[in-house]
Structures are given as C-alpha cells and as structure tokens.
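Work through the following exercises with the coordinates open, and compare each step with the solution given beneath it.

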Amino acid sequence: MGKSCCQTPEPNQNPHNNPRWRAILWIALVANAAMFVVEIIAGIAADSRALQADALNFFADAANYAINLGIAGMALASRAKAALLKAATMLAFGLWWSAPRSTD
C-alpha cells in the first residue's frame, strides 16, 4: 500500500550518514594526519626519501578521508564527481612519477 501524505518519512538509511561510520573516518583521518607529520619531520631530519614518500602516502590517505567526510550524505552526483576528482589526482601523480627525469 502506498504512503499517505501524513505518514512520517523514514529516516535516511544511507550508511554515509551513520555517526559510527563518520567517527571511524575521523579516527582514520587523525591517525593518518599525525603519521604524516611524524614521518615528514623524521624524513627531513634523516634526509630519507623513503620516509618522505611514505609520509606523502599518509597525507594522501588523510586527504581521501577528509573528502569522504565532506561529501558524505550528499547526492550521488556529487559523490561521483568527488570520485572522479580523486581518480584524476591519482592519475596525475602516476603520470608525474613515470615521467622521464634527467640524470644530470
């Protein structure tokens, strides 16, 4: 039977609006951001490109979690645009990394 105009609407069951899901994303974001700071400082202090690269990975993960938190609950079209932006960013990094470099 169809709903009448006087019935209470069902709450949004979207998992992206779940407070527990958001709390977990916040924890992951803070942990990755903290590890970025720790490793970038250690990488610079030790002049270690490996630590600096790993720090950038933590930064990318934190940025990904921040974007997910920012778009959670938005319309599917907005979430799809954000996914395309993240994919374009990964493609740009991949092309930059694979670009030939001079050995001078």
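**Exercise 1: a charged pair**

At 55% relative accessibility, Arg49 counts as exposed, because exposed means over 50% relative accessible area, buried under 20% and partly exposed in between (1.4 Å probe, protein chains only). This is a predicted model, in which local features need pLDDT of at least 70 and side-chain atom pairs count only at pLDDT 80 or more, while totals for chains, interfaces and linings use all residues. Residues are numbered from 1 along each chain as its sequence is written, and side-chain values use heavy atoms, with hydrogens and water left out.

Task: find which side chain meets that of Arg49 in a salt bridge.

Solution. Apply the criterion, a side-chain nitrogen of Lys or Arg within 4 Å of a carboxyl oxygen of Asp or Glu. The partner is Asp47, at 2.9 Å from N to O, and the structure holds 1 salt bridge. Asp47 is itself exposed, with a relative accessible area of 54%.

**Exercise 2: the backbone at Asp47**

Task: state where Asp47 lies and what sign its phi has.

Solution. Begin with the helices, which are DSSP runs (H or I, at least four residues) numbered from the N terminus. Asp47 lies in the loop between helix H1 (19-45) and helix H2 (49-71). Its phi is positive, about 50 degrees, although Asp47 is not a glycine. Most residues other than glycine have a negative phi.

**Exercise 3: Phe93**

Task: decide whether Phe93 is buried or exposed, and name the helix that contains Phe93.

Solution. With 55% relative accessibility, Phe93 counts as exposed. The residue belongs to helix H3, which spans residues 76-98.

Technical notes
Helices (H or I, at least four residues) and strands (E, at least two) are DSSP runs, numbered from the N terminus.
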